[in-house]
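Here are my comments on the model you sent round. They are set out as numbered points, to be read beside the coordinates.

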Amino acid sequence: MGKTGCRVIDLPRVADPRGNLTFVEGDNHVPFDIARVYYLYDVPGGTSRGGHAHRDLQALIIAASGSFDVSVDDGEHQERFFLNRSYHGLLVPNMVWRELDNFSSGGVCLVLASAVYEEDDYIRDHAEFREVARARRAAEPAPPSAADAA
Ligand code: TYD
């Protein structure tokens with residue numbers, strides 16, 4: 001797992017000379033029930049999508065066709081992932097800002113989401129995101145220290 005909590009999941013592959021197949025089961029290959037599927041396509045070169053975080057929603061982002069970059073930010077750390085395999089999914093936890101860009105021609109971004117569309121779950125302003133992320137970190141219980149274990 002990376003510094004932001006995002007990680008690439010290797011999805012099952014059924015190789016077949018007639019064409020390969022990959023499947024995803026909620027609460028099995030992804031750690032949530034899949035409530036919604038959406039996809040981005042016909043993305044013009046040079047444009048970006050995303051540009052938000054979710055308060056609670058988790059997502060698996062898949063380059064179903066072609067490729068693109070996903071930049072993620074948890075308020076403290078940043079990472080960039082290049083997705084170009086239909087059997088790789090980037091797991092993005094809640095409270096992670098994401099931007100998708102550098103779409104290849106014909107690139108399709110498939111998103112499996114843990115919740116239905118709810119605008120109140122979105123944070124679309126980066127300054128607000130940093131503030132909410134900071135407040136959530138401050139509210140987290142401190143990790144156990146060596147003194148606690150003694
Ligand atoms: P938006 O979240 O801004 O797209 P992205 O983050 O992928 O660039 O969504 C664009 C528009 O589509 C916005 O008006 C909300 C609408 N929308 C839905 O109605 N349902 C959905 O499931 C999604 C993802 C978006």
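The points below cover the ligand site, the strand pairings and two individual residues.

1. Status of the model. This is a predicted model, and the distances and areas quoted below should be read as values computed from it.

2. Ligand shell. Which residues surround the ligand? The shell consists of Arg 36, Tyr 38, Leu 40, Arg 49, Gly 50, His 52, Tyr 117, Tyr 122 and Arg 124. By class, these residues divide into four nonpolar, two polar and three charged. Strands β4 and β5 each contribute at least two residues to the shell.

3. Polar contacts to the ligand. Three arginines place polar side-chain atoms by ligand oxygens: for Arg 36 the distance is 2.4 Å, for Arg 49 it is 2.8 Å, and for Arg 124 the separation is 3.0 Å. The protein buries 60% of the 530 Å² that the ligand exposes when taken alone.

4. The five-stranded sheet. The strand order is β8-β7-β10-β5-β12, in an open sheet with antiparallel pairing. The edge positions belong to β8 (78-83) and β12 (122-123); each has a single partner strand, so one side of each lacks a neighbour in the sheet. Strand β5 thus appears both in this sheet and among the contributors to the ligand shell.

5. The β7-β8 pair. Strand β7, residues 68-73, runs antiparallel to β8 and is joined to it by six bridges. One of the bridged pairs is Asp 73 with Gln 78 of β8.

6. Asp 69. This residue sits in strand β7. Is Asp 69 buried or exposed? With a relative accessible area of 8%, Asp 69 is below the 20% cut-off and therefore counts as buried. The side chain of Asp 69 makes a polar contact of 3.0 Å with the side chain of Arg 80. Leaving out residues up to four places away in sequence, Asp 69 touches Arg 80, Phe 81, Phe 82, Glu 99, Leu 100, Asp 101 and Asn 102.

7. Strand β6. Five of the seven residues in β6 (residues 59-65) are buried, so the strand is largely enclosed by the rest of the structure. Strand β6 pairs in the antiparallel sense with β9 (residues 88-92) over four bridges, and with β11 (residues 108-113), also antiparallel, over six bridges. Ala 59 takes part in both pairings: Ala 59 stands opposite Val 92 in β9, and its bridge partner in β11 is Ala 113.

8. Thr 47. The loop between β4 (36-40) and β5 (49-54) holds Thr 47. Why does Thr 47 count as partly exposed? Its relative accessibility is 31%, and the class runs between the 20% and 50% cut-offs, so Thr 47 falls within it. A polar atom of the Thr 47 side chain lies 2.8 Å from the backbone oxygen of Pro 44.

9. Contacts of Thr 47 across the chain. With residues up to four places away in sequence not counted, Thr 47 touches Leu 100, Asp 101 and Asn 102. Those three residues also appear in the contact list of Asp 69. The C-alpha atoms of Thr 47 and Phe 103 are separated by 8.0 Å, although the two residues are 56 residues apart along the chain.

Conventions
Residues are numbered from 1 along each chain as its sequence is written. This is a predicted model: local features need pLDDT of at least 70, side-chain atom pairs count only at pLDDT 80 or more; totals for chains, interfaces and linings use all residues. Side-chain values use heavy atoms; hydrogens and water are left out. Buried means under 20% relative accessible area, exposed over 50%, partly exposed in between (1.4 Å probe, protein chains only). Contact means heavy atoms within 4.5 Å. A polar contact is a pair of N or O atoms within 3.5 Å; within protein, one must be able to donate a hydrogen and the other to accept it, and residues adjacent in sequence count only if both atoms are side-chain atoms. A residue is near a molecule or strand if one of its heavy atoms lies within 4 Å of it. Accessible areas come from the Shrake-Rupley method with a 1.4 Å probe; for residues, only the protein chains shown count as cover. Ala, Val, Leu, Ile, Met, Phe, Trp, Tyr, Cys and Pro count as nonpolar, Asp, Glu, Lys and Arg as charged, and the others, Gly among them, as polar. Two strands pair if DSSP finds at least two bridges between them.
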